[in-house]
Amino acid sequence: MSAKAIYENKGKELLYKHLKSDGLSAMPSIIVTGETNWQTLESENDWLKSGKLVCKPDQLIKRRGKLGLVCAGSDLAGVQQFVRARVDKPFEIGKTQGLLKRFIIEPFVAHEQNEEFYLCILSERQHDIILFHHEGGVDIGNVEDKALRLEVPIDTKAADCNIASLLTGIKDAQVQSLLLNFIADLHRVYCDLHFTYLEVNPLVVRAGRIHILDLAARLDQCAEYLCKSAWGSNVDFPPPFGREAFPEEAYIAELDARSGASLKLTVLNPEGRVWTMVAGGGASVIYADTVCDMGSASELANYGEYSGAPTEEQTYEYAKTLLSLMTRTVRPDGKVLIIGGGIANFTNVAATFKGIVRALRQYQAQLVKCGAEIFVRRAGPNYQEGLRVMRELGENLGVQIHVFGPETHMTAIVGMALGKRPIPDKPDAAKPATTANFLLPTSENSATAAAAASARAAAAGTAAAGASVATAASSASGATSGVDGLSGASGGAPDAPLFNPGTKCIVWGMQQRSVQNCLDFDFVCSRREPSKYYWGHNEILIPVYKQMSDAMRKHPDASVMVNFASLRSAYDSTLEALQFPQIRVIAIIAEGIPENLSRRLALRAAEKSVTVIGPATVGGVKPGCFKIGNTGGMMDNILNSKLYRPGSVAYVSRSGGMSNELNNIIALNADGVLEGVAIGGDRYPGSTFLDHLLRYQADPGAQMLVVLGEVGGQEEWRIADALRDGRITKPMVAWCIGTCAGLLGSEVQFGHAGACANSGQETASAKNAALAAAGAHVPASFDQLGETIRCVYEDLVGRGVIVPKEEPAPPTVPMDYSWARELGLIRKPSSFMTSICDERGQELLYAGVPITEIINRDFGIGGVLSLLWFQRRLPKYACKFIEIFGGALDGAAKQFQPRSGHRPYPYGIRQRDAQTRKFALENFPASPMLHYALEVEKITTSKKPNLILNVDGNDWRGYGLTCCVHCGCFTREEADEFIEIGALNGIEEADEFIEIGALNGMFVLGRSMGFIGHYLDQRRLKQGLYRHPWDDISYVMPEQSQWAP
């Protein structure tokens, strides 16, 4: 999700629809392709025959006039000849080659050179920029040097600014007036429709009319939910010229739109040798950089990422799509697949790897055929299980799979895959014995850890006794949790610490798992005060509020808000939080907030001296003190990266996933992290690199700074300025990712919304050079980042600036039961068994039948009941019998069951009985028991009309036994088994069968009032609807082959 280019034709359509300024000439236009029927086109558009025309490709190509791609002043025949000579034919622009497929035809506007102007509107962090030059056209040259510039502050109309200052080069008063009104109106539309870039060149003013001749525009795709009706339904975001759109890309984009995760795929070279499947937006860029740095840019086949905790099924679909592209062609030198990623913060690595493994097994033969070799490096929650599954797969897939964890540098597998570095026989195992999210005690630290844990438990017992919980239901906008024990900001000074051990935090949104992670962090850091949920071994409660104002009033000492709201509500909830003076820091987790809204939030926060971390962030961490939500990952990574105590290195990063990797790199090459913040991947984060670096400069504990920037934006240039002018004097290691952008042949939008260069200064290479020139330590590549950090750190130690401290032993943190179960560390016998339904997988199964199959094949209520009761689908007549008559038969059998005499035979019951018999006789292939019951009825009713002897009950037993023996769905042995268990009672079991109300089971909803009460109570207590644990149920499902009708 980001600012994306749109077709010129669509841009003009939007402007013509929404502009209201006088004098604008809304010209018609037509799009033609190689499949266009020119005769039909001419007959439907009379204007094509009435004057001269202009034609040009509409494929995001710049400087078309200079490239000879504009046909101007021709008639329709000339335009047709121009298009046919070029359509669907290759064309080369610099190093990029592509097919010309789409052309726009418009009326030709005859004009003079002095009637051409240049106009551009673009967005920056604190204002919009309007550029204007009184000379436009193909020969304008360097616009930045020539054009006049007007800054329009956020939430300010251009009409209220000095637009006239742009028009000083125009002498004609009428032209000045037209342009002044037009520019003001254009800026209004620019803001209303969430444009991020809009360039008109040339803009022609002739005879009192304004003509938009050439247009280049970008829209903020994140604002689609706000602008859907204004944009219309036909907004396309085409790939840049030279890169074809693949249906697989469209499929992944559709999958991404339906998912809460982030799934991206761009095919760069379908014949390439190097394929990547990378987790994380920042990591995906770094892997592409490393491939290019090692000289294989031309062999890089794709760019993409999967992140944000995709499910096993979503990861399977992503991997399957990628493998279908990879194995489509065979190369004599084989192909390599790099399955990489940083250390995940919250994504379950094992779950995503299971999806990848499914896809690899499905494409086993194709992978073997194309000579594939696979390299894996991953870490994060449950990564041990994921790596184990991968290693086991490598033993029988027939394809070499090399598997590595966090002990291996993130991009080391790229060098291995490209033959640039040796493949170790075994990964470095010199790591603490950790698993999932707690430290296994060792002889060296067990006594110390036990003592610390005992002290923490004692403190927790005291705190828990005074804890409370509010039972107010969450509002539509989400619940707000008051969390004690997390840290926050102090004061409003720009260099004041944001976090300290004594501050409080409020969490917006019910994020139990994330907050529990924060509590575990507090506990392992030897905090004295619990936050919520579990504090060590003790379970505690915290208040939950319906309104933010209630939370603020009850917790006046809370100074931090962690906002887990969705992208649609994060803006409003953050604005609300800014109304409370006690809040000094706000972390916004949501990704995809429109740029205009992000800029407004940054402005409002600056007005109130509030630090905003995000949007699109995982947060920040201050070891030994505080962490936001999922920052730092699970407990094993917190312990491995030594985040339970402060180090000497402070860092700032855009990427949340890469911040976790930085924790690991710094722990391996220095004494650990003092503080780390991920400002977020959006183009306009609430706080900047420099904001945090100046805080670190003022912090006596920070002896060394690390910056991980990226392509896009100009914040790194401000860091270089601060290094040059002396505002930052501490040693700094810096690297900007995205150096591959200039080597990929066509523009690529990377995973982060802000990771796209709009000018030469915004490229990663230019920023790395500027930082190095200003005095920062800049490695040759990310692959060497750890070595550079080690060199700087060792120099500081050698000079006595940093004095290494003795490593403290952290307390043992109990493992959550769910994680222990998933890792296979514990087991327990099941309390229940079921053979009729299974909800554990991606899709609910009834007696082994997927729920989608039940819907698609129209099983109906009777068919569903046949699966749940008899574990197979009965014939249609049997299913219909249950649907039509099932609910009444129990009552009939009870009513006419003989006890001490006979009851009258009501007419309505007798009529229903006749319908039942008629249906059974007409539809059942054989019904001997029913015939027997009818013969009995003749005898009994001939003696006395009300002497029925439970004929209705005999009808049902006749149906049941007939269904069992004669419908063809059961063997005789199976029928006997059903009779034995009471599913189809024999005559001697009729009383018991009638009493339990077997067929009235379909009306059990009427008996569910108590369950509804429990449901409402669960909602009232902010609890999820109870679902019995899967591990407490034994699933003994029948084979799916049994359910075919």
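## A buried acid and its partner

Asp185 counts as buried, with a relative accessibility of 10%. (Buried means under 20% relative accessible area, exposed over 50%, and partly exposed in between, using a 1.4 Å probe and protein chains only.) Its partner Arg188 counts as partly exposed at 28%. Asp185 and Arg188 form a salt bridge, and their closest N and O atoms are 2.8 Å apart. A salt bridge here is a side-chain nitrogen of Lys or Arg within 4 Å of a carboxyl oxygen of Asp or Glu. Why are Asp185 and Arg188 separated by about one helical turn? Because they are 3 residues apart in helix 6 (residues 173-192). Helices (H or I, at least four residues) and strands (E, at least two) are DSSP runs, numbered from the N terminus.

## How to read the model

This is a predicted model, in which local features need pLDDT of at least 70 and side-chain atom pairs count only at pLDDT 80 or more, while totals for chains, interfaces and linings use all residues. Residues are numbered from 1 along each chain as its sequence is written, and side-chain values use heavy atoms, with hydrogens and water left out.

## More salt bridges

How many salt bridges does the structure hold? There are 44. One of them links Glu248 with Arg328, with 2.7 Å between the closest N and O atoms. Glu248 sits in helix 8 (residues 247-258), and Arg328 is in the loop between helix 10 (312-326) and strand 17 (335-341), so this pair ties together parts that are 80 residues apart in sequence. With a relative accessibility of 12%, Glu248 counts as buried.

Asp333 and Arg331 also meet through their side chains in a salt bridge, at 3.0 Å from N to O. Is each partner buried or partly exposed? Asp333 is partly exposed, with 41% relative accessible area, whereas Arg331 is buried at 19%. Elsewhere, salt bridges with shared partners join Glu8, Lys12, Lys56, Arg64, Glu106 and Asp214 into one network.

## A sheet of four strands

Now to the sheets. Strands of a sheet pair through backbone hydrogen bonds, either parallel or antiparallel. Two strands count as paired if DSSP finds at least two bridges between them. One open sheet has 4 strands in the order 2-7-3-4, with antiparallel pairing. Strand 2 (30-32) and strand 4 (71-74) stand at its edges with a single partner strand each, so one side of each has no neighbour in the sheet. On average, neighbouring strands of this sheet are turned by 25 degrees against each other, direction ignored.

Inside this sheet, strand 3 (residues 53-57) and strand 7 (residues 103-107) run antiparallel and are joined by 5 bridges. Val54 has Glu106 in strand 7 as its bridge partner. Helix 4 (residues 76-84) packs on the sheet and touches strand 2, strand 3, strand 4 and strand 7. (Contact means heavy atoms within 4.5 Å.) The direction of helix 4 makes about 155 degrees with that of strand 4. Axes are lines fitted to C-alpha atoms, for helices over the stretch in contact, and angles run from 0 to 180 degrees between N-to-C directions.

## A sheet of six strands

Another open sheet consists of 6 strands in the order 31-30-33-32-34-35, and its pairing is mixed. Which strands are at the edges? They are strand 31 (626-627) and strand 35 (732-737), each pairing on one side only. Strand 32 (residues 649-653) and strand 34 (residues 704-710) run parallel, joined by 5 bridges.
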